[in-house]
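Colleague: Hi! Could you walk me through this one while I have it open?
Modeller: Happy to, go ahead and ask.

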Amino acid sequence: MKLLEDLNDDQRAAVEFVDGASLVIAGAGSGKTRVLTYKIAYLLKKGLAPSSILALTFTNKAAREMKKRIADMVGERTARYLWMGTFHAVFSRILRAEAAHIGFSSHFTIYDSSDSGSLLKSIIKEMKLDDKQYRPGLVHSRISAAKNNLITPAAYSGSTDLLKSDNNARVPRIHEIYHVYTERCRMADAMDFDDLLLQTNILFRDHPEVLNKYREHFQYILVDEYQDTNYAQYLIVKKLSEQHQRICVVGDDAQSIYSFRGANIDNILQFKNNYSSAQVFKLEQNYRSTQTIVNAANSLIDKNAHQIRKKVFSEKAKGQKIKVLQVYSDIEEGQVIANHIADFKHLDEYDYQDIAVLYRTNAQSRVMEDQLRKNYIPYRIYGGLSFYQRKEIKDVIAYGRLIVNPNDEEALKRIINYPARGIGDTTLNKLLECAALHAVSAWEVLNQPLQYNLAVNAGTAKKLTGFADMMKVFMAQAEVLNAYELTGLVIKSTGLLSDTYVDRSPENLSRQENVQELLNAIHEFCETRADADEPAQLTDFLSEVSLLTDQDTDKESEKDKVTLMTVHAAKGLEFKVVFVVGMEEELFPSLFSMESPRELEEERRLFYVAITRAEERCFISYAKSRFKNGQIHFANPSRFIKDIDPVYLDQPAESPFAGRTTVFDDDFGPDSGFNQGLKLQGGPFPSFGRLSRKEPPASQSSSWKDAAQERALNPASVNPKKLTKLSRRQGDTPAAASSLPVGAKVRHQLFGEGVVLAVSMAGANEKAEIDFGSKGVKTLLLKFAKLEIL
DNA sequence: CTTAGTAGGCTTTTT
DNA sequence: GCCTACTAAG
């Protein structure tokens, strides 16, 4: 078979073995995705129907990319029928189909983490507990851990161990909160992320006929990133595959970095025990990195006790040593890296797009961004707030959610008084308490206030009725309009955007554009669905969108920029040059991991992931001082640097900071407090103060400005889903010469004919205000709006 | 009930 | 430094 020619012996063996369970241990850069895609193609060529193959990935992005690659091999028409996606996406689809079995409706809402947090907060308040003691985040993580281990509220209350542990942590009533939380979710016809896995397990446990249906349906199951699966995921896979054993899991225990989310590394370590006849394949040849990088990474991971031993090797060039950079401050760190990047570019060694800066926490991006901008280096940033987490987007989505599922309490809470319509906290709390008292949804009370003795005065009652009536109009319209039309109607008739029109501040413009971008996305969704002759109602859009949190498409305008992201986000990616920054104790490894050897090993794996992203050059930097929470913190170099065999490192010969390269006051010699681990809190520090406040000229021109402004003002040009810290730093640009003259007549496919009132710039993009007569005046981005000039 | 202003808290990583 | 949650005034 021709497709096998592209594979090495190990890869081919893994691909061709299809008669039983198999575990593929794939070292970093060893062609893991290649094996998965070729294996699927192989199965298809062997005659397996695409719809009978289930391929589970960890991120939407991975699923998309794999699907694309397979489509290239076997054709889009075949590939589209594969069941390929994240656990959450695939099983939410199944849960919607089987919802009736477990007491949900097929259009149940998926609560995101902030919905869960907000609901927990309400519950904690209602139970009159102290939210300092019962911090919603802490409570949520305990409940989440319980769900990931398939512990229901009843089981939780029945477990003396858990109760004891909660007692010790001084949060003895968590099991009660868990009960109420579960009831409230059910009342709201909502599932949180963890429910998607828990409820799937419940469905399969309580309805063997349903389990059998899917068992027979999925003739072959593949799981990517198996080291990151948790118990709930493990059991789903096991139930589906244990009869026919046609399962292939791929992973690398050395890259298990999600235990905080319940991932259990034992799933991969114990695979052979669970599938007794399992074949194990090891992919040990790294095709990505130089020998030095691979060997350095090996020497690091060797310090972990918990692992499957393997010999990852590279046959590429030996390559240069990993350079260790030591600097005084986070600011200098940014500066030094910016200099290196500028040199690479000027010497024509690397383009910006070949370079990534990886950090442990998103908070570290700010300083790096500042320094890159000052040096006119274009960058793109992943992480921070995703598109669908922006306030204005969540508001629109919340209206949609409530229309589709009026019992969605979190959506109701969000919009019942937004835009302001005189329904304040007092009223809302009365409403929610009343609903909780009668064990009905808030929407139910809203519709029958008298029946449930809702104690509000006549004026307030009227406002509530007004809101409910408005929503009912939308709900009726939802029957006839598609998602795009309905969302447009909602935005228009609620005046959701009206407070963004009060001025032309970059923030407001950005909000408008974000909403426009959402509308564009919905529009595109509707068209795609229409082409495929599939429904394009709001409910269809929402069920797709609720699990989209992923970084997305690389657009043309994204080319040749330095990438900034967390190490977690970088998993699965590769760059010619990688800077791993902030290699300091208490940051990497993080403070929270230092107590436990297990977590420390996970941090080490994380560092391993970071280093193995690099193909040719790798830099590691650590700073002596760093701003954290508005205070200066001092730290020692990360212990992980010492874990790397020094023969692979190019580090300053002397003790930390003795051989520094920049000119500074001599306050911090090698014997200063830093090296003794002394911690200083806050307070002005003479030399540091000077260093940190020294601002470079605020000139703005050339390439970075376009980059930054694009990012700031036009989410679409960056990457539509992920975007941090919008426009604070940049103002509006003056209008440039336009391709669209004012006064021109145009036609828009939805709004019909209109007249151009004004054209201006939004970042790097032109936008036009167009009067569509009866359809109103719209502001449209020209790059999106499909306008026909008449 | 709304808004503006201030005090306090917080920070790991993400489907 | 940033965001949220609370407080005081309209």
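Colleague: How are H25 and H26 oriented relative to each other?
Modeller: This is a predicted model, to be clear up front. In it, H25 (residues 506–531) and H26 (residues 538–545) pack at an angle of about 110 degrees. That falls in the 65 to 115 range, so the two helices are roughly perpendicular to each other.

Colleague: And how far apart are the axes of H25 and H26?
Modeller: Their axes are 11 Å apart. H25 passes H26 in a right-handed crossing.

Colleague: Which residues meet there?
Modeller: From H25, you have Leu518, Ala521, Ile522, Phe525 and Arg529, and they meet Asp540, Phe541 and Glu544 in H26. Sorted by type, the residues of this contact are five nonpolar and three charged, with no polar ones.

Colleague: Nice. Moving on to rings, how many aromatic pairs are there?
Modeller: The count comes to 19 aromatic pairs. One of them is Tyr226 with Phe271, an edge-to-face pair at 5.7 Å centre to centre, with 85 degrees between the planes.

Colleague: Where do Tyr226 and Phe271 lie?
Modeller: Tyr226 is in the loop between strand S6 (220–223) and helix H13 (231–241), while Phe271 is in helix H15 (residues 271–274), so their pairing ties together parts 45 residues apart in sequence.

Colleague: Are those two buried or exposed?
Modeller: Tyr226 and Phe271 are both buried.

Colleague: Back to the helices for a second. Why does the pair Phe525 and Phe541 count as edge-to-face?
Modeller: The ring planes of Phe525 and Phe541 are at 75 degrees, with the centres 5.2 Å apart, so the pair is edge-to-face; the cut-off for that label is over 60 degrees. Phe525 sits in H25 and Phe541 in H26, so this pair ties together parts 16 residues apart in sequence.

Colleague: What's the relative accessible area of Phe525?
Modeller: Phe525 has 9%, and is buried. Phe541 also counts as buried, at 5% relative accessibility.

Colleague: Which residues do ring pairs link into a cluster?
Modeller: That would be Trp83, Phe204, Tyr214 and Phe218.

Colleague: Last topic: where is Val250 found?
Modeller: Val250 is in strand S7 (residues 247–251), and it is buried, with a relative accessible area of 0%.

Colleague: What is Val250 in contact with?
Modeller: Leaving aside neighbours within four places in sequence, Val250 is in contact with Val24, Ala26, Lys32, Leu36, Val223, Asp224, Glu225, Tyr226 and Gln227. You'll recognise Tyr226 from the ring pair with Phe271.

Methods:
Residues are numbered from 1 along each chain as its sequence is written. Chains are lettered from A and ligands numbered from 1 in the order in which they are written. This is a predicted model: local features need pLDDT of at least 70, side-chain atom pairs count only at pLDDT 80 or more; totals for chains, interfaces and linings use all residues. Side-chain values use heavy atoms; hydrogens and water are left out. Axes are lines fitted to C-alpha atoms, for helices over the stretch in contact, and angles run from 0 to 180 degrees between N-to-C directions. Helices (H or I, at least four residues) and strands (E, at least two) are DSSP runs, numbered from the N terminus. Angles under 35 degrees count as roughly parallel, over 145 as roughly antiparallel, 65 to 115 as roughly perpendicular and the rest as oblique. A crossing is left-handed if the near helix is turned anticlockwise from the far one by less than a right angle, and right-handed if clockwise. Contact means heavy atoms within 4.5 Å. Ala, Val, Leu, Ile, Met, Phe, Trp, Tyr, Cys and Pro count as nonpolar, Asp, Glu, Lys and Arg as charged, and the others, Gly among them, as polar. Rings of Phe, Tyr and Trp (its six-membered ring) pair if their centres lie within 6.5 Å; planes under 30 degrees apart count as stacked, over 60 as edge-to-face and the rest as tilted. Buried means under 20% relative accessible area, exposed over 50%, partly exposed in between (1.4 Å probe, protein chains only).
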